[in-house]
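Trainee: I have a model open on my screen and I would like to learn how to read it, one feature at a time. Could we go through it together?

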Amino acid sequence: MRLVLVFLLCFFVAAAVESSFITPAEYSKMLYFNPHGIGCNKCHGAEGKGSVIGVYYEFDKASGQNKKHEVVAPNIVGISLENFKQALANPKNFMPSYSLTNNEIAALYMYVNKLFKKVENDK
Ligand code: HEC
């Protein structure tokens, strides 16, 4: 029993020490680049401004030409938290599905909208 308590105590102390090495802003950035799956940055870009993730051509019979189509990961900066949550809960088309907690979603939202910087600057 005592051994278990000592073990648990070590765990809590380690967790406490660890948390002092990483700020919430750093944590949210880490999550954006590595959210238990493919990084958001790979499609939405490092800043969340969006990017073209693929191009395909479709033959258009009427004009006899190939028509170019772009697959776009949209800008995700400045949208409402409600829309942000919705997009993660019901991903569409090429947007992958993730198993993120509400706190993780909030951290990602704060990261892309640079809300941590604002909080830190206000100090
Ligand atoms: C494989 C590429 C890809 C990755 C990785 C990806 N997304 Fe997306 N995301 C998309 C695409 C494509 C859409 C547009 C879906 C559609 O057609 O509506 C989208 C849509 C969204 C939207 C909705 C934007 C709006 O205006 O409605 C949000 C928010 C979003 N993604 C956040 C994220 C976050 C946060 C991550 C990381 C956890 C992430 N995405 C990872 C491709 C990606």
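Mentor: Let us begin with a term that we shall need throughout: a residue is called buried when its relative accessible area is under 20%, exposed when it is over 50%, and partly exposed in between. Please also keep in mind that this is a predicted model.

Trainee: Before the details, what pattern does the protein chain follow when it is read along the sequence?

Mentor: The protein chain has six helices and two strands, and along the sequence they come in the order α-α-α-β-β-α-α-α. Of its 123 residues, 23% count as buried. The chain exposes about 9,300 Å², and carbon and sulfur atoms supply 61% of that area.

Trainee: Which residues coordinate the iron atom of the ligand?

Mentor: When reading a metal site, look for the donor atoms and then for the angles among them. Here His 44, through its NE2 atom, and Met 95, through its SD atom, coordinate the iron atom of the ligand at 2.0 to 2.1 Å. The site has six donor atoms with angles of 88 to 178° among them, and it is octahedral. These two residues link distant parts of the chain, since His 44 belongs to helix 3 (residues 41-44) while Met 95 sits in the loop between helix 4 (81-89) and helix 5 (102-112), 51 residues away.

Trainee: Why does His 44 count as buried, and why does Met 95 count as partly exposed?

Mentor: We apply the limits from the start of our talk. His 44 has a relative accessibility of 9%, so it counts as buried. Met 95 has 25%, which lies between the two limits, and therefore it counts as partly exposed.

Trainee: Next I would like to understand charged side chains. How many salt bridges are there?

Mentor: The general idea is that side chains of opposite charge can pair when their charged atoms come close. In this structure the count comes to two salt bridges. In one of them the side chains of Lys 49 and Glu 47 meet, with 3.6 Å from N to O. Lys 49 is exposed because its relative accessibility is 54%, whereas Glu 47, with a relative accessible area of 42%, is partly exposed.

Trainee: Which side chains meet in the other salt bridge?

Mentor: Lys 114 and Glu 47 meet there, again with 3.6 Å from N to O. This pair links distant parts of the chain, with Lys 114 in the loop between helix 5 and helix 6 (115-122) and Glu 47 in the loop between helix 3 and strand 1 (51-60), 67 residues apart. The salt bridges share partners, and in this way Glu 47, Lys 49 and Lys 114 are joined into one network. Lys 114 counts as partly exposed at 36% relative accessibility, and this residue, just after helix 5, takes a positive phi of about 50°.

Trainee: Which other residues have a positive phi near 50°?

Mentor: His 36 is one of them, a residue other than glycine with phi near 50°, and its place is in the loop between helix 2 (24-33) and helix 3. Asn 93 also has a positive phi near 50°, and you will find it in the loop between helix 4 and helix 5. His 36 is exposed, with a relative accessible area of 54%, and Asn 93 counts as exposed at 76%.

Trainee: Where is Asn 75, and what is it in contact with?

Mentor: Asn 75 lies in the loop between strand 2 (65-73) and helix 4. Leaving aside its neighbours within four places in sequence, Asn 75 is in contact with Gly 48, Lys 49 and Gly 50. The C-alpha atoms of Asn 75 and Lys 49 are separated by 4.2 Å, although these residues are 26 apart along the chain.

Trainee: Finally, which residues make the nonpolar surface patch?

Mentor: Phe 21, Ile 22, Tyr 27 and Met 30 make it, and its area is about 410 Å². Phe 21 lies in helix 1 (residues 2-21) and is exposed, with a relative accessible area of 67%. For buried residues, turn to helix 5, where Ile 105, Leu 108 and Val 112 are among those that count as buried.

Technical notes. Residues are numbered from 1 along each chain as its sequence is written. This is a predicted model: local features need pLDDT of at least 70, side-chain atom pairs count only at pLDDT 80 or more; totals for chains, interfaces and linings use all residues. Side-chain values use heavy atoms; hydrogens and water are left out. Donors are N, O and S atoms within 2.8 Å of the metal (3.2 Å for Na, K and Ca); water is not among the atoms, so sites may look incomplete. Four donors count as tetrahedral if all angles lie between 85 and 135 degrees; four count as square planar and six as octahedral if opposite donors are over 155 degrees apart and all others between 65 and 115; anything else is irregular. Helices (H or I, at least four residues) and strands (E, at least two) are DSSP runs, numbered from the N terminus. Buried means under 20% relative accessible area, exposed over 50%, partly exposed in between (1.4 Å probe, protein chains only). Patches are made of residues with over 30% relative accessible area and no salt bridge: like charges are joined within 9 Å, nonpolar side chains (Val, Leu, Ile, Met, Phe, Trp, Tyr) within 5 Å. Accessible areas come from the Shrake-Rupley method with a 1.4 Å probe; for residues, only the protein chains shown count as cover. A salt bridge is a side-chain nitrogen of Lys or Arg within 4 Å of a carboxyl oxygen of Asp or Glu. Contact means heavy atoms within 4.5 Å.
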